[in-house]
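Biologist: I would like a close look at a single strand and at what surrounds it, with each term given its cut-off.

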Amino acid sequence: MNEIFALVEHRQGAIRDITYELLSCGRKLAEKENTKLTAIILGHNTDDLVQILKSQAHRLLVVDNDVFKDFNSELYQITLNEIMKKHNPMLFLMGHSAFGMDLCPALATQLGVPFTTDCLDIEFMEQKLKVTRQIYDGKLNAKVQLRENPGYMITLRSGCFPAGEGSLDGSVERFDTPVSTQPDYRKFIEYIEAAVGEVDITKSDILVSVGRGIKDQANLSIIEDFASAIGGVVACSRPVVDAGWMAKDRQVGSSGKTVKPKLYIALGISGAFQHIVGMKGADTIIAVNKDPNAPIFSEADYGIVDDLFKVMPVLKTKISEVKLAKG
Amino acid sequence: MDIIVCIKRVAQTAEAEVKIDSSGKDIIKDRLTFDMNESDTYALEEAILLKEKFGGTLTAVSLGTVEAEDTLRIALAKGADSAIRIKAEDFQELDGYKTAQLLKAAIKDLKFDVVFTGCIATDDYYSLVGVTLAELLGVPHATLVTKIVIQDTKAQVHRELEGGLVEHLEMTLPVLFTIQTGINEPRYASLIAIRRAAKKEIKVIGASEIDPANIQANASLEELFTPSVGKRAEILTGSMDEISAKVAGIIKEKGLL
Amino acid sequence: MNFDLTNDQKMLQDQVKKFADSVLAPVAPDIDKSAEFPRDNIKKMAELGLLGIIVPEEYGGAGFDYISLAIAIEEISRACASTGVIVAVNNSLVGYPIMQFGSEELKKKYLPLLCKGEKLGAFGLTESNAGSDVAALETTARLDGDHYILNGTKRFITNAGEAGIYVVFAYTNKELKHKGISAFIVERDTPGFSLGKHEDLMGIRATANCELIFEDVKIPKENLLGKEGGGFKICMNTLDVSRIDIGAQAVGIAQSALDEAVRYSKERKAFGQPICNFEMVQSMLAEMATEIQAARMLVYFAGYCKNKGMARFSLESAMAKYYASSICVDVARKAVQIHGGYGYTKDYPIERIYRDAKILELYEGTSEIQKIVIARELVR
């Protein structure tokens, strides 16, 4: 069957954004390949999900069982393995998320289907699949061809395929899971919410965010001074948290928080996609980085190519002047 | 407890300029430094911590050229008992799937309770070797692991999800974990350990042990290219004073001062 | 001929470099400012074995060779010059003479303490009126039964304020001149031994540099290092070794100056382009890099001579120390020049590096003394 499948990703009752990106990408491909898109929903009490997603796919394949209340890649794998064996889609799309990363390689390996991960672009031509991926810390792209096969499985990077409104009226098909209990070897226990710190970076209009370029924890005081001068809050990228210099609740990015401030000033942040996805919703982005080729400059509205420690003191003075002039 | 950790030597490109070579399929590596992949250093540390707690053996495995032995030796100095290098030069173009199969071939006869890998390699960005290897070994896995507490054969595991959320799992050994950065504080090898590690032999296996004909790749590289820049920031120029004045102006214009 | 580092040297370099970059470098500006001795970092270095690099394992050391010693000191000094000399003194001015000339009892008693960092070492040679001119020492040690009675004052002693074990040189018989000098191990808590003035130094400011004051200090006879009257020979032989790592310290400091200069010259723009495009800046960078590499080779070669077991390698070690310290000062000067006015402010690390560099031409034998040593070896 030359169909396209996409896996619906949901957590704590909510459909995750990547789902719409997968389905939108899947619809476009289906149209081009003159075939149909199937959305696979594994969940419990899925009626709401089905209603929301009906317009997004030609068919919704639903496995409703309380064992799927939360994500467990082992259970998903067992069930999807059955579904795939039955349907053999030409392409199965998943998100390159904590969810898809855990599932796709194992399922594809079990099925013997060629697969690859973290795709930014897809070209499908006469059964051949070529994808574009980012490598070397996002500095280069690689075009990769998959081993030719009737079916493929890939994960898509979030933010690369625009979500869209669907106008379909998908049929609903049910499928029974062969498993009804969580296996002993991998049991979902609970979600743990990140501890709430004293500052909520998602609430601030102005974020001054620092990355690897800060070099040392001691330098944070300069940034804090600047942030308070401008009426903002200090946030950071992952390496700063890994180094133990700032608390996890200040981290912006895929594994941290998604922020949408009015102003985002990125200092010494190179702009790995994991960071970008967390801050690209900001109204205005100003980036300071020594490397003129840093990916952050592709996302920012304004850029300063210089050492952040040279920029900060002068900028702080200027901002105080402008403030005074106004007051 | 018997533990295996898979590590990779990668070009350090986070703060370096990366250029494509004349073949169009590789980068110019002459002036790049190479080191253990970042999340692998955390995986190694986690493996050492487990070994220190429960005793047993720790084997480090790396697929790479002879230089990878330097990286394996660091693993030995930090606490691994033995090391295996799979000769990358024997297996032509590699992808994550092929890598996982080679790792499996190298460790399939070893006893293990836990296998560690990093969660992503900063060169090829696949994030698939660990999970694929787990599937090939027939053991359960968890990716993006940020905490592990083991008691008897049960492991309480934290996975890092998007948005700062953590997933708590309970798993039964044997198991494979792909480790996220920041889970621990990787140590430095002591000088005495370095001297002892320098004398240790590294087992090298290649085409004579693993038949390349049986190892299939999923993906082959067509070309490398520099990403086209869609939107591009307006780069502010002038003296530092002028640049700062412009920035202050922009911020004021947005009504934020 | 082989320029490759051995496996253990490569690993040592890798790990010390990482440690220095992430642990030592971040505090270097602070301890320069406060002149506070970096106790926490010294403790961490002890755990890694960096306080007993060349001491055999049986005495608690790491058992490395002298090129490894140089590699480690270079990496440490590149990150923090103060820490570089603190470690160098512990290793080669105190650890080395004890392991080379001490009795089995002394080695067993003191080396493990030094290596584990339980007690740091300091080297008490220089006095107000005796530095280059060792024979002008005024400190005396008089045998009195089971003890020597030590009197005198030592000046400019690195680690003095934080050490527990001091190798001290004194006349046991002034009439015999050089042959009347003896070396002793003095413990910090010995009655009559006190610390004097703490020096407020221009560079390497966090090194607890103080005076040592000995007033009728009773030292057990067994703490005589080597033979009575053998002090001058111990001193000269020890300085030969320590010049390897002072040379290495110079290479490390010079390397940090070059790194800063390269970084700055790529970032700083003038006349519409980065200043690294200008040939006069390039000329300076090229000279700096070449001189540093030449100095490093001389330092490694001195280490190689010692590794080989050459009884005398004063020529090689004096050359290494003389050349490395001269170019270090010059490289730091050029690096400041490349920074322009900014290099003269405390906003940039090069200001500190420039101050740190100067000591290299002064301590453990001034450049003038090194040249005398070199020349005498030539005409002897």
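How many bridges join strand S12 (residues 186-192) of chain A to S9(B), and do these strands run parallel or antiparallel?

Modeller: This is a predicted model, in which local features need pLDDT of at least 70 and side-chain atom pairs count only at pLDDT 80 or more, while totals for chains, interfaces and linings use all residues. Residues are numbered from 1 along each chain as its sequence is written, and chains are lettered from A and ligands numbered from 1 in the order in which they are written.

As to the strand itself, 6 bridges join strand S12 (residues 186-192) of chain A to S9(B), and the two run antiparallel; two strands pair if DSSP finds at least two bridges between them, and strands (E, at least two residues) and helices (H or I, at least four) are DSSP runs, numbered from the N terminus. Among the partners, A:Ile192 is bridged to B:Val166, and A:Arg186 to B:Met171. S9(B) is also joined to S8(B), by 7 bridges and again antiparallel, with B:Arg159 as the partner of B:Glu167. These two strands of chain B form a hairpin with 5 residues between them, and B:Gly163 in the turn has a positive phi of about 70°. The covered face of S9(B) holds B:Glu167, B:Leu169 and B:Met171, whereas B:Val166, B:His168, B:Glu170 and B:Thr172 lie on the uncovered one.

The strand pairing belongs to a wider meeting of the chains, where 71 residues of chain B are in contact with 74 residues of chain A, contact being C-beta atoms, placed from the backbone, that lie within 7 Å. Helix H4 (129-137), strands S7 (141-151), S8 (154-160), S9 (166-172), S12 (219-225) and S13 (234-235), and helix H6 (240-253) of chain B each supply at least two residues of the side that touches chain A, and H6(B) gives the largest share, 10 residues. By class, that side of chain B has 36 nonpolar, 18 polar and 17 charged residues, where Ala, Val, Leu, Ile, Met, Phe, Trp, Tyr, Cys and Pro count as nonpolar, Asp, Glu, Lys and Arg as charged, and the others, Gly among them, as polar.

On the other side of the pairing, chain A is divided into domain 1 (4-174) and domain 2 (201-326), with bounds from an automatic or database domain assignment. The C-alpha centres of these domains lie 34 Å apart, and 6 residues of domain 1 are in contact with 4 residues of domain 2. The domain 1 side of that contact divides into no nonpolar, 4 polar and 2 charged residues.

One more element of chain A deserves a check, namely helix H1 (residues 17-32): at 1.5 Å a residue its 16 residues should span 22 Å, and its end C-alpha atoms are 23 Å apart, which agrees, the expected span being 1.5 Å times one less than the number of residues. Just after H1(A), A:Asn34 takes a positive phi of about 55°.

Note on methods
Two residues are in contact if their C-beta atoms, placed from the backbone, lie within 7 Å. A residue is buried if 20 or more other C-beta atoms lie within 10 Å of its own, exposed if 12 or fewer, and partly exposed in between; C-beta atoms are placed from the backbone.
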